[in-house]
Amino acid sequence: MREFVIYARKAATSSDFPLNDLPGRGGRMDLVARCVCNALWLSHDLRRDTCVHIVACGGPEPPKVITFYGSSLRGVSPDERSIASWIKKASKGRNPGIRVRRQSFQELISELAAKGRFFYILHEKGKDIEGVELSEDAVFVLGDHLGLPAKEEGFVTRFPHEKISLGRISYLSSQCITIINYILDRYHGR
Ligand SMILES: C[S@@+](CC[C@H](N)C(=O)[O-])C[C@H]1O[C@@H](n2cnc3c(N)ncnc32)[C@H](O)[C@@H]1O
């Protein structure tokens with residue numbers, strides 16, 4: 001199973017952010033929605049074998065983990081506004097494919113590690129992906145527009161992991177997810 005973890009240091013942690021200001025009062029909820037879209041959507045289908053965890057660390061009640069499950073998502077379309085509106089509704093438990101809970105980045109990583117999951121930390125200065133035998137059954141950890149804090153990256157390195165790079169160019173988190181999905185689809189079968 002493919003899993004993505006995005007550390008979103010400013011993402012809103014209440015349902016009252018406005019849909020017409022996702023980058024501002026939503027705390028870069030536009031970035032979050034693009035990551036969710038690129039992780040889960042195909043043309044006319046969803047990646048049923050994939051889930052994406054957003055660690056929202058913005059106000060007013062951080063931290064929260066918002067998880068989208070490709071296996072059970074219903075009625076969500078891939079545009080940013082729709083994904084953001086479902087994040088709002090999910091706080092009230094209205095979609096079986098989305099779960100919102102109070103949890104920190106480190107608690108989430110510990111939970112995944114306890115299940116025996118392997119972590120790939122995405123970082124511009126990691127090992128070039130060309131030389132990595134990428135496993136599809138893993139957790140891919142990414143930072144937001146400001147990167148993954150060193151403290152959180154250090155925590156992931158306590159568990160089985162590899163720090164990998166897609167090259168020297170710094171891409172958007174959502175673009176990195178597309179690249180990883182493409183490489184896995186293309187070279188590791190679906
Ligand atoms: C816009 S980048 C963050 C840039 C930020 N200024 C920094 O220095 O970390 C967002 C995230 O995408 C991932 N990323 C971006 N470019 C990458 C690359 N070339 N290789 C691996 N991961 C990358 C990293 O996880 C990064 O934290």
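1. Two residues are taken to be in contact if their C-beta atoms, placed from the backbone, lie within 7 Å. With that in mind, and remembering that this is a predicted model, one can say that helix 3 (residues 105–114) lies across strand 1, strand 4, strand 5 and strand 8. The direction in which helix 3 runs is at about 150° to strand 4.

2. The sheet that helix 3 lies across deserves a description of its own. Here 7 strands form an open sheet, and their order is 6-5-4-1-8-7-9, with mixed pairing. At the edges stand strand 6 and strand 9 (161–165), each of which pairs on one side only. If direction is ignored, neighbouring strands of this sheet are turned by 25° against each other on average.

3. Within the sheet, strand 1 (residues 2–8) is a good place to begin reading. Because 6 of its 7 residues are buried, strand 1 is largely enclosed by the rest of the structure. On one hand, strand 1 pairs with strand 4 (residues 50–56) in the parallel sense over 7 bridges, and Ala8 has Ala56 of strand 4 as its bridge partner. On the other hand, strand 1 is joined by 5 bridges to strand 8 (residues 138–142), again with the two running parallel, and there Ile6 stands opposite Leu142 of strand 8.

4. A further parallel pair is made by strand 7 (residues 119–128) and strand 9, which are connected over 6 bridges. In this pair, Lys127 has Ile164 of strand 9 as its bridge partner. Helix 1, for its part, packs on the sheet, where it touches strand 1, strand 4 and strand 5, and its direction makes about 165° with that of strand 4.

5. Helix 1 (29–40) also packs with helix 2 (residues 80–90), and two packed helices are generally described by the angle between their axes and the distance between the axes. For helix 1 and helix 2 the angle is about 100° and the axes are 9 Å apart. Angles of 65 to 115 degrees count as roughly perpendicular, and helix 1 and helix 2 are therefore roughly perpendicular to each other. The residues that meet are Met29, Asp30, Ala33, Arg34, Val36 and Cys37 in helix 1 and Glu80, Ile83 and Ala84 in helix 2. Sorted by class, this contact has 6 nonpolar and 3 charged residues, and no polar ones.

6. Which residues of helix 2 are buried? They are Ile83, Ala84, Trp86, Ile87 and Ala90. When helix 2 is seen down its axis, these buried residues fall within an arc of 160°, so they line one face of the helix. A student may find it helpful to recall that an α-helix has 3.6 residues a turn, so residues three or four places apart point the same way. The buried residues of helix 2 pack against helix 1, strand 5 (64–69) and strand 6 (98–102).

7. Helix 1 has another helical partner in helix 5 (residues 173–188), for the axes of the two come within 8 Å and cross at roughly 5°. An angle under 35 degrees counts as roughly parallel, and that makes helix 1 roughly parallel to helix 5. The contact is made by Leu31, Arg34, Cys35, Asn38 and Ala39 on the side of helix 1, and by Ser173, Ser174, Ile177 and Thr178 on the side of helix 5. These residues divide into 4 nonpolar, 4 polar and 1 charged. Arg34 of helix 1 is also one of the residues that meet helix 2.

8. Some details of the backbone should be checked by eye, beginning with the loop between strand 4 and strand 5, where both Pro60 and Pro63 are found. The peptide bond from Gly59 to Pro60 is cis, with omega near 0°. Another cis peptide bond joins Pro62 and Pro63, with omega of about -5°.

9. Two residues other than glycine have a positive phi, and their surroundings are worth setting side by side. Arg28, in the loop between strand 1 and helix 1, has a phi of about 65°, whereas His44, in the loop between strand 2 (41–42) and strand 3 (45–46), has a phi near 60°. Is each of these residues buried or exposed? Arg28 counts as buried because it has 22 C-beta neighbours inside 10 Å, and 20 or more are needed for that description. His44 counts as exposed because it has 5 such neighbours inside 10 Å, and the limit for an exposed residue is 12 or fewer.

Definitions and conventions
Residues are numbered from 1 along each chain as its sequence is written. This is a predicted model: local features need pLDDT of at least 70, side-chain atom pairs count only at pLDDT 80 or more; totals for chains, interfaces and linings use all residues. Helices (H or I, at least four residues) and strands (E, at least two) are DSSP runs, numbered from the N terminus. The arc is that of the directions from the helix axis to the C-beta atoms. Axes are lines fitted to C-alpha atoms, for helices over the stretch in contact, and angles run from 0 to 180 degrees between N-to-C directions. Angles under 35 degrees count as roughly parallel, over 145 as roughly antiparallel, 65 to 115 as roughly perpendicular and the rest as oblique. Ala, Val, Leu, Ile, Met, Phe, Trp, Tyr, Cys and Pro count as nonpolar, Asp, Glu, Lys and Arg as charged, and the others, Gly among them, as polar. Two strands pair if DSSP finds at least two bridges between them.
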